[in-house]
Amino acid sequence: MVYHSRIVDLKGVSKACGCPLLPLKNQTTNQTIGHGHAHTHAPRLSDQGEDIVDEAIKLFRANVFFKHFDLKTPADRILVYLTFYINVALKRLEGCRTLTEGTKAIKNLSLEDVYVPGEPAFPFSGIFPLPGSKKEAEVIRDYFKVVREETNKRLLNVAYRANGTPNKWWLAFSKRKFINSLIV
């Protein structure tokens, strides 16, 4: 049985492409979602409690074994996206023997294009509804950028030990395919 997001209270949470723009704690940037088109900043959560990035990292090693993921809540869309992204990031960290090398690999990953529903390279078009407008597409793209950036930072903290050496109990999962998706 797949592990679903525990985030079910979505009152007051904006959405884009059927995906809630969930608040994050320790946000890396305080950029505006939608290149100034949306008036809200990337949602911020206090440092207390668990956000969707914490949840995705915590559930990753269990969820990566599943070939199917039935959505129970809108937050599950973000959980699926982040699980796949963590899988891609671990694949990039696979040959990195130090935290410095891993940080460089993750920075290079963060410079790559971020695809959104409706674009051919987006891996989960069947799970996310298409954007209703260019503005909505930019809002979800900007949210994905912010959530990926925060995931990168936190993933390095678990993929490498305090002394900068790889944590084999995490990097071993780079060989897994999440819901049979090929990672390039």
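Is E119 buried, partly exposed or exposed? With a relative accessible area of 23%, E119 counts as partly exposed. Keep that residue in mind, as we'll come back to its partner. Everything here is read from a predicted model.

## The overall layout

Let's start with the big picture. The protein chain has five helices and two strands. If you walk along from the N terminus, you meet them in the order β-β-α-α-α-α-α. Of the 184 residues in the protein chain, 48% are buried.

Helix α2, residues 75–93, makes a nice check on what you may have learned about helices. It has 19 residues, and at 1.5 Å a residue it should span 27 Å; the C-alpha atoms at its ends are 27 Å apart, which agrees. Helix α2 is also mostly covered, with 17 of its 19 residues buried. As a reminder about helices in general, an α-helix has 3.6 residues a turn, so residues three or four places apart point the same way.

## Two cysteines, no bond

Now for the cysteines. Does the structure hold zero disulfides or some? A search of the whole structure turns up zero. Take C17: it is in no disulfide, and the nearest cysteine sulfur, that of C19, is 7.8 Å away. Seen from the other side, the sulfur of C19 has its closest cysteine sulfur in C17, and 7.8 Å is too far for a bond, given that a disulfide needs the two sulfur atoms within 2.5 Å.

Both cysteines are tucked away from the surface. C17 counts as buried because its relative accessibility is 1%, and C19 counts as buried because its value is 0%. You'll find C17 in the loop between β1 (15–16) and β2. Its backbone has a quirk too: C17 has a positive phi of about 55°, although it is not a glycine.

## Salt bridges

How many salt bridges are there? The count comes to ten. Here are three of them, with the N to O distance for each.

| Pair | Closest N and O atoms |
|---|---|
| D51 and R154 | 2.7 Å |
| R154 and D54 | 2.8 Å |
| E119 and R141 | 2.8 Å |

Look at D51 and R154 to begin with, a pair joined by a salt bridge. D51 sits in the loop between β2 (19–20) and α1 (52–63), while R154 is in helix α4 (residues 134–159), so this pair ties together parts that are 103 residues apart in sequence. Both D51 and R154 are buried.

R154 also meets D54 in a salt bridge. Here R154 is in helix α4 and D54 in helix α1, so the pair ties together parts 100 residues apart in sequence. Why do these two count as buried? R154 counts as buried because its relative accessibility is 9%, and D54 because its relative accessible area is 18%; the cut-off is under 20%.

These contacts belong to a wider group. K25, D51, D54, E150, K153 and R154 are linked in a network of salt bridges.

And now back to E119, which forms a salt bridge with R141. This pair links distant parts of the chain: E119 is in the loop between α3 (99–110) and α4, and R141 is in helix α4, 22 residues apart. While E119 is partly exposed at 23%, R141 is buried, with a relative accessible area of 14%.

## How α1 and α4 meet

You've just seen a salt bridge between residues of α1 and α4, the one joining D54 and R154. How do the two helices lie against each other? They pack at an angle of about 50°, and their axes are 10 Å apart. That angle means α1 and α4 are oblique to each other. If you turn the model around, you can also check the handedness: α1 passes α4 in a right-handed crossing.

## Towards the end of the chain

One last stop is L171, which is in helix α5 (residues 168–171). L171 counts as buried because its relative accessibility is 9%. Try finding V158 from there: L171 and V158 are 13 residues apart in sequence, and their C-alpha atoms are 9.5 Å apart in space.

Notes: Residues are numbered from 1 along each chain as its sequence is written. This is a predicted model: local features need pLDDT of at least 70, side-chain atom pairs count only at pLDDT 80 or more; totals for chains, interfaces and linings use all residues. Side-chain values use heavy atoms; hydrogens and water are left out. Helices (H or I, at least four residues) and strands (E, at least two) are DSSP runs, numbered from the N terminus. The expected span of a helix is 1.5 Å times one less than its number of residues. Buried means under 20% relative accessible area, exposed over 50%, partly exposed in between (1.4 Å probe, protein chains only). A salt bridge is a side-chain nitrogen of Lys or Arg within 4 Å of a carboxyl oxygen of Asp or Glu. Axes are lines fitted to C-alpha atoms, for helices over the stretch in contact, and angles run from 0 to 180 degrees between N-to-C directions. Angles under 35 degrees count as roughly parallel, over 145 as roughly antiparallel, 65 to 115 as roughly perpendicular and the rest as oblique. A crossing is left-handed if the near helix is turned anticlockwise from the far one by less than a right angle, and right-handed if clockwise.
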